[in-house]
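Student: Please take a close look at the charged side chains of this model and at the loops beside them. I would like one connected account of which of them pair, which do not, and how accessible they are.

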Amino acid sequence: MLLMKADVARVTNQGINKFGMLYTDYELCFYKDKKVKIKWEFDDVSKLFVYDMDGHKICEAVSAEVLGFGEKCSQAALEKLMRDQKRQYKECAETLENYTTPYEARIEQGRPSDAVGKLDLTIKVNRTQKVISLPTDKEYRAEATANSKKKRTTAGDEFFSAKADSALSRLKAMNQ
């Protein structure tokens with residue numbers, strides 16, 4: 001008990017917040033919104049020893065989150081975890097801000113573009129709308145159908161149609 005770390009904490013309606021974790025126990029509900037003395041072992045921060053301000057033991061509050069790491073979790077390991085989580089959050093926030101900042105604003109701020117070949121492929125906020133539609137008048141439709149018929153007839157078709165006409169005229173001559 002003499003080698004334990006000590007502090008004073010306030011009990012909330014959920015429990016005691018320490019090291020960014022929530023420590024709970026049933027007995028803490030009687031001390032809501034009151035200050036209590038807490039002690040913990042340096043090598044095991046999975047539980048807090050809770051005392052009232054007079055020094056009488058109330059309970060041993062445990063953290064479900066810390067117990068998920070294992071039976072014993074040192075304070076140093078928990079503080080390292082908290083530092084790593086804060087660093088990761090900061091880096092993700094910076095990356096997200098970089099992706100949402102328009103290209104022109106990044107250039108004005110002096111930040112280099114990380115796009116391939118220095119071409120930024122971000123979507124611009126103000127995109128111009130170009131709507132293309134086909135005309136619906138009868139004259140255009142007539143031209144379009146005439147052009148499609150012209151495309152169907154080729155030089156080979158003209159040769160065969162001429163041969164067919166000459167064969168048809170010879171057949172008619174035989175019948176007369």
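Tutor: A residue counts as buried when its relative accessible area is under 20%, as exposed when it is over 50%, and as partly exposed in between. The model is a predicted one, and the chain averages a pLDDT of 78, with 77% of the residues scoring at least 70. Confidence varies among the elements: strand 4 (residues 35-41) has the highest mean pLDDT, 93, and helix 4 (residues 138-152) has the lowest, 73.

With that scale in place, the charged pairs can be taken in turn. Side chains of opposite charge can pair when their charged atoms come close. The count of salt bridges comes to six. One of them joins Asp-7 to Lys-18, with 2.6 Å between the closest N and O atoms. Asp-7 belongs to strand 1 (residues 5-10) and Lys-18 to strand 2, so this pair ties together parts that are 11 residues apart in sequence. The two partners fall into separate accessibility classes: Lys-18 is buried because its relative accessibility is 16%, whereas Asp-7, at 33%, is partly exposed.

Immediately after Lys-18 in the numbering comes Phe-19, in the loop between strand 2 (16-18) and strand 3 (21-23). Phe-19 is a residue other than glycine with a positive phi, near 60 degrees. Phe-19 is also buried, having a relative accessible area of 17%.

Glu-60 takes part in two of the pairings. Its side chain meets that of Lys-47 in a salt bridge at 3.7 Å, N to O. This pair links distant parts of the chain, Glu-60 being in strand 6 and Lys-47 in strand 5, 13 residues apart. Glu-60 also forms a salt bridge with Lys-57, at 3.1 Å from N to O. Each of the three residues is partly exposed: Glu-60 has a relative accessibility of 33%, Lys-47 of 25% and Lys-57 of 49%.

Strands 5 and 6 also frame a charged residue that stays unpaired. Asp-52 is found in the loop between strand 5 (44-51) and strand 6 (57-62). Asp-52 is buried and yet has no salt bridge; Lys-37, the nearest side chain of opposite charge, is 7.3 Å away. A salt bridge requires the nitrogen and the carboxyl oxygen to be within 4 Å, so the distance to Lys-37 does not qualify. The side chain of Asp-52 does reach the backbone nitrogen of His-56, at 2.7 Å. Leaving aside residues up to four places away in sequence, Asp-52 touches Tyr-31, Lys-37 and Ile-58. Lys-37 is thus a contact of Asp-52 without being a salt-bridge partner of it.

A further group of charges forms a network: Arg-10, Lys-32 and Asp-33 are linked by salt bridges. Asp-33 lies in the loop between strand 3 and strand 4. Its phi is near 65 degrees, again a positive value in a residue other than glycine. Asp-33 is partly exposed, with a relative accessible area of 47%.

The loop that holds Asp-33, between strand 3 and strand 4, is also the place of Cys-29. A disulfide is a covalent bond between the sulfur atoms of two cysteines. A search of the whole structure finds zero disulfides. Cys-29 is accordingly in none, and the nearest cysteine sulfur, that of Cys-59, is 9.7 Å away. Cys-29 is partly exposed, with a relative accessible area of 45%, and Cys-92 is likewise partly exposed, at 45%. Cys-29 lies 8.3 Å from Val-11, C-alpha to C-alpha, and the two residues are 18 apart in sequence.

In summary, Asp-7 and Lys-18 bridge strand 1 and strand 2, and Glu-60 and Lys-47 bridge strand 6 and strand 5. Asp-52, in contrast, is buried without a salt bridge, and its side chain reaches the backbone nitrogen of His-56.

Definitions and conventions. Residues are numbered from 1 along each chain as its sequence is written. This is a predicted model: local features need pLDDT of at least 70, side-chain atom pairs count only at pLDDT 80 or more; totals for chains, interfaces and linings use all residues. Side-chain values use heavy atoms; hydrogens and water are left out. pLDDT is the predictor's confidence in each residue, from 0 to 100. Helices (H or I, at least four residues) and strands (E, at least two) are DSSP runs, numbered from the N terminus. A disulfide is a pair of cysteine sulfur atoms within 2.5 Å. Buried means under 20% relative accessible area, exposed over 50%, partly exposed in between (1.4 Å probe, protein chains only). Lys and Arg count as positive and Asp and Glu as negative; His and the chain ends are not counted. A polar contact is a pair of N or O atoms within 3.5 Å; within protein, one must be able to donate a hydrogen and the other to accept it, and residues adjacent in sequence count only if both atoms are side-chain atoms. Contact means heavy atoms within 4.5 Å.
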